[in-house]
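Notebook open, structure loaded. I'll start with the overall build, then go through the holes and a few single residues.

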Amino acid sequence: MDFRELSYLIAVAKFQNITKAAEALCISQPGLSKFLTGLENDLGLKLFERIDKKYLPTYAGKRYLDYAKNILDTKASLDAELADIIKKDFGALYIGIPNMRCTYMLPKILPAFNKKYPNVKINIIEGPSAMLDKKLLEGDLDLAFYSKHPEINYGLEYEKIAVEELLICVQKNHPVKKFSHDNPASSYKKIDLSILKNERLILLSPEQRTGQISRLYLKQAGINLTNSITINNMPAIIELTEKGYGVSFIFNSHLRYQSPAPEIDCFSFGEPCVKSDFVAAFRKNYYLPKYARDFISYVKKLYAEK
């Protein structure tokens, strides 16, 4: 079996459908069916069960797929490392970024990166961090940039870009301001979440790290989320906060690159100050080519700017 045929099996498992898998692979459906039947006959066992028109891997199929993915990952790492050795700076880079970060990250990074690596095709996939983790582990992404979840994913490695602070954001001169105090751990004054119990809350989706962390601390403070609204559009959240529609929770990096600067007041959490690592994530033991490493460097440079 060659490497290409390993990808056939992975496609069948991914789409659970021969026709869709064949379309994705740009081969004929009869050809893919014949390949799978021939392989199962040669092995003397079934790799897939046909249930409700879906192709679901058997136990043997799952083990075969595990090895197939490992083999293809190893080959991809070898190809990338050999390309670095001969300085062959062309290829494709699949990068995952949460939607709200794309607005300020990509215009500042992609032009400079393209100037240095004109033969590297950049593919951007936007989505919540939970989805990006899944795509990293499945090999659909090379890199992802997001706020690191407190629970370690042992299939991934992380490289810290910056430390971000999650802020409580309100309309300018909101009444909560009079309850603020200095916070030695932050450059922002602090307020206790308990004073927000009667406020409308503007939250990001729980699929987003910001949404996860916000809900965690609100729950710990005993804040009822009944009077809340979930919105995943950061400009809309900021404008609603400016207009006094509610209280929002935003990482300082998201505010830093807004132009013009939002007309809102920001506070740190009372106890403790809430900070999170913004990281580059990639599969463990996967060789990143030089151009991927350089992309991480461009992101670090952006976040280091004052």
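Before counting anything, I note the rule: helices (H or I, at least four residues) and strands (E, at least two) are DSSP runs, numbered from the N terminus. On that rule I get 10 helices and 12 strands for the chain. This is a predicted model, so local features need pLDDT of at least 70 and side-chain atom pairs count only at pLDDT 80 or more, while totals for chains, interfaces and linings use all residues. Residues are numbered from 1 along each chain as its sequence is written, and side-chain values use heavy atoms, with hydrogens and water left out.

**Overall**

I looked up the extent of the C-alpha trace: about 75 × 50 × 30 Å along its principal axes. Burial next, where buried means under 20% relative accessible area, exposed over 50%, and partly exposed in between (1.4 Å probe, protein chains only). Of the 306 residues, 42% count as buried. For contacts I use heavy atoms within 4.5 Å. Among contacts with a separation of 6 or more, 74% are between residues 24 or more positions apart.

**The largest pocket**

Definitions for the holes: on a 1 Å grid over the protein atoms alone, a cavity is a set of points where a 1.4 Å probe fits but cannot get out, and a pocket is an open set with protein on both sides within 12 Å along at least five of seven lines; lining residues have an atom within 4 Å of a point. Grid points are joined across faces, edges and corners, and a volume is the space filled by probe spheres set on the points.

The largest pocket comes out at about 1,400 Å³. I find 44 residues lining this pocket, with Asp-73, Glu-138, Gly-139, Asp-140 and Arg-283 nearest its centre. The elements giving two or more residues to the lining are helix H1 (3-15), helix H2 (18-25), helix H4 (59-85) and strand E3 (91-97). H4 has the largest share, 14 residues. I sorted the lining by class (Ala, Val, Leu, Ile, Met, Phe, Trp, Tyr, Cys and Pro nonpolar; Asp, Glu, Lys and Arg charged; the others, Gly among them, polar). That gives 22 nonpolar, eight polar and 14 charged residues.

**Two cavities**

Searching the whole structure, I found two cavities of 30 Å³ or more. The largest has a volume of about 70 Å³. Its lining includes Arg-101, Tyr-146, Arg-209 and His-254. Helix H5 (99-116), strand E5 (143-147) and H7 each supply at least two lining residues. By class I get three nonpolar, five polar and two charged.

The second largest cavity is about 50 Å³. Among its lining residues are Ile-202, Thr-210, Ser-214, Ile-237 and Ser-248. Strand E8 (201-203), H7, helix H8 (234-242) and E10 each give two or more residues to that lining. The split is seven nonpolar, four polar and no charged. Thr-210 is on both lists, lining the largest cavity and the second largest.

**Ser-248**

Buried or exposed, I asked of Ser-248? It is buried, because its relative accessible area is 0%. Ser-248 sits in strand E10 (residues 247-251). Its side chain makes a polar contact of 2.8 Å with that of Thr-241 (a pair of N or O atoms within 3.5 Å; within protein, one must be able to donate a hydrogen and the other to accept it, and residues adjacent in sequence count only if both atoms are side-chain atoms). Beyond four places in sequence, Ser-248 also touches Leu-167, Ile-168, Cys-169, Ile-202 and Ile-237, among its contacts.

**H7 and H10**

Helix H7 (residues 209-220) has 12 residues and reaches 17 Å from first C-alpha to last, close to the 16 Å expected. The expected span is 1.5 Å times one less than the number of residues. Its buried residues include Arg-209, Thr-210, Gly-211 and Ser-214. After H7 comes Gly-222, with a positive phi near 75°. H10 has 15 residues and reaches 21 Å, close to the 21 Å expected. Buried in H10 are, among others, Tyr-291, Phe-295, Val-299 and Leu-302.

**Positive phi**

Most residues other than glycine have a negative phi. Asp-52 has phi near 50°, in the loop between strand E1 (48-51) and strand E2 (54-57). Asp-52 counts as exposed because its relative accessibility is 71%. Asn-285 has phi near 65° and lies in the loop between strand E12 (275-283) and helix H10 (290-304). Asn-285 counts as exposed at 71% relative accessibility.
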